[in-house]
Amino acid sequence: RQLASGEVQLSEWVQNCLQLSAYYVNASAFAIGQYLLEAVQRVAQVEATKKEKAPDASDGQAPGGDAWKTLLDEDVAANVDLAWGKLYLFRLVASLAYMQQSGSSKPSLPYPSLEHFPDLLRFPSLSHLLPSPEELPWGVSALATSFETARDLFNAAIPRFNASLEYYKLDGWVTEHVTTQLEVSNLYRVLAAFEQDPKRRAAMHKLRVSRLAHLVGALNPQHFLGLSRSIDLETANAWRDYVDALTDKLDAKAPNKSSKAIAEGATAATHSYTRFLNSFRKDDTGQMPDRIDADNEHFFLMAAFNLGRVLHRSAMRVDQHTSDSDLDIMVQAYKHLHWIADYVKRHKIDKMKQEASMAEQLASLIAEKIDLSKKMASMPKK
């Protein structure tokens with residue numbers, strides 16, 4: 001109605017359109033989400049032209065540049081960039097999920113073609129400025145199918161997220177800043193899954209750590225407990241993925257260097273997982289509750305299982321030179337993995353049975369390594 005009347009309350013109209021776009025993007029209807037974001041920019045550009053803050057658009061072409069952003073409230077302008085970043089991120093996430101599905105039974109995405117475009121969302125007065133609906137990425141055409149096309153989505157998203165962070169700074173916008181940095185970390189994580197070279201994958205996961213480094217320990221858990229946990233868990237997972245990538249292809253020319261990097265990454269992951277898990281301890285006793293709340297239990301158990309894995313990785317060498325500290329780490333890992341398995345059994349958590357079984361198997365392997373280490377340490381040194 002505002003468009004038809006020519007009287008547009010710009011920031012309000014844009015914010016409403018962004019919310020509608022987010023609904024469709026969350027539903028993997030990427031073409032419609034993109035169309036709405038294109039409409040946001042074109043309407044703002046037209047309004048900028050009316051106010052003589054951008055070149056004339058009487059020739060039917062949308063004015064260029066970012067002068068239109070000056071007409072929006074600052075937070076709304078940042079939200080436009082954030083919405084574009086999320087569009088590309090969600091396309092990348094959906095691409096990975098689709099790629100990981102095997103066989104010929106891959107489902108189609110919602111709104112797979114132009115026939116599913118709701119008439120109510122068309123903007124006839126903008127038809128000369130907006131891209132043709134036929135040109136939009138409908139269905140699986142929105143998905144990346146190779147590292148190169150995944151990188152294109154990544155490169156489109158990063159500047160948008162960075163632009164939004166120019167406004168949503170940590171000082172004053174804690175929730176928005178942290179959630180956006182977590183989304184950037186997720187962007188790197190998904191792109192890394194398309195990369196075949198383990199060293200390049202490891203570098204991407206290291207960049208995740210770098211993006212989150214200024215947030216680690218920066219928030220008061222009493223006021224931002226959920227965000228603090230998210231930061232620690234994402235940082236821990238980034239270090240774990242870094243270690244896994246290095247382990248995929250140990251450098252045969254520099255085995256000591258590779259092993260050192262793995263151990264350092266595993267140690268860093270250990271610290272972050274430990275901070276996350278310790279946040280569930282009772283304030284009065286310092287003890288873990290008998291049962292973690294339902295909303296967090298899955299994340300807690302997966303973090304606990306991963307902690308056992310990285311503790312194992314941080315003390316990989318077993319020979320006559322195994323240090324007492326490495327032996328202590330292996331003992332911690334053994335006890336921790338047994339605790340996970342016992343927790344799952346005690347509370348009869350069927351969906352975690354596989355992880356509990358893996359924890360027991362890894363604990364048994366560690367027990368053998370501990371015994372072997374002790375035997376080798378008792379042997380006469382040459």
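## A partly exposed alanine

A218 is partly exposed, as its relative accessible area is 41%. To find this residue in the predicted model, look in the loop that links α7 (198-212) to α8 (225-248). From there you can also look across to L170, which is 48 residues away along the chain. The C-alpha atoms of A218 and L170 are separated by 9.6 Å.

## The chain as a whole

Let's step back and take in the full chain. How many helices and how many strands does the chain have? There are 12 helices and 0 strands. Reading along the sequence therefore gives you the pattern α-α-α-α-α-α-α-α-α-α-α-α.

The chain has 382 residues, and buried ones make up 48% of them. Its accessible surface is about 20100 Å², with 51% of that belonging to carbon and sulfur atoms. Now think about which parts of the sequence meet in space. Take the contacts between residues at least 6 apart in sequence: 71% of these join residues at least 24 apart.

## Helices α7 and α8

The two helices on either side of the A218 loop also pack against each other, at an angle of about 165° and with their axes 8 Å apart. Angles over 145 degrees count as roughly antiparallel, so α7 is roughly antiparallel to α8. The crossing of α7 and α8 is left-handed.

Which residues make this contact? On the α7 side they are P198, R201, A202, H205, K206, R208, V209 and L212. On the α8 side they are E234, T235, N237, A238, W239, D241, Y242, A245, L246 and D248. Sorted by class, the contact of α7 with α8 has 9 nonpolar, 3 polar and 6 charged residues.

## A closer look at W239

One residue from that contact, W239 of α8, deserves its own visit. Is W239 buried or exposed? Its relative accessibility is 15%, and the cut-off for buried is under 20%, so W239 counts as buried.

What does W239 touch, once its neighbours within four places in sequence are left aside? The partners are K206, V209, G265, A268 and A269. Two of them, K206 and V209, belong to the α7 side of the contact between α7 and α8. Another partner, G265, is 26 residues from W239 along the chain, and the C-alpha atoms of these two residues are separated by 5.7 Å.

## Helix α4 and its two partners

Helix α4 (residues 74-100) is a good place to practise reading helix packing, as it packs with helix α5 (residues 147-167) and also with helix α2 (residues 10-26). Start with α5. The angle between α4 and α5 is about 155°, and their axes are 8 Å apart. These two helices are therefore roughly antiparallel to each other. They cross in a left-handed way, and the residues of their contact divide into 13 nonpolar, 3 polar and 6 charged.

Now turn to α2. It packs with α4 at an angle of about 15°, with the axes 10 Å apart. Angles under 35 degrees count as roughly parallel, so α2 and α4 are roughly parallel to each other. Their crossing is left-handed. From α2, the contact uses S11, V14, Q15, L18, V25 and N26; from α4, it uses V76, N79, V80, A83, K86, L87 and F90. By class, this contact has 8 nonpolar, 4 polar and 1 charged residues.

## Two loop residues with positive phi

Most residues other than glycine have a negative phi. Two residues in this model are worth a look with that in mind. Y111 is not a glycine, yet its phi is positive, at about 50°. You will find Y111 in the loop between α4 and α5. Y111 is partly exposed, with a relative accessible area of 27%.

What is the phi of K348? It is near 50°, again a positive value in a residue other than glycine. K348 sits in the loop between α11 (324-346) and α12 (353-378). Is K348 buried or exposed? With a relative accessible area of 71%, and with over 50% as the cut-off, K348 is exposed.

Key
Residues numbered from 1 in each chain as written. Predicted model: local features only at pLDDT ≥ 70, side-chain atom pairs only at ≥ 80, totals over all residues. Heavy atoms only, no water. Axes fitted to C-alpha atoms, helices over the stretch in contact; angles between N-to-C directions. Helix = DSSP H or I, 4+ residues; strand = E, 2+ residues; numbered from the N terminus. Parallel < 35°, antiparallel > 145°, perpendicular 65-115°, else oblique. Left-handed = near helix turned anticlockwise from the far one by under 90°. Nonpolar A, V, L, I, M, F, W, Y, C, P; charged D, E, K, R; others polar. Buried < 20%, exposed > 50% of the residue type's maximum accessible area, 1.4 Å probe, protein only. Contact = heavy atoms within 4.5 Å. Areas by Shrake-Rupley, 256 points an atom, 1.4 Å probe, with all protein chains shown as cover.
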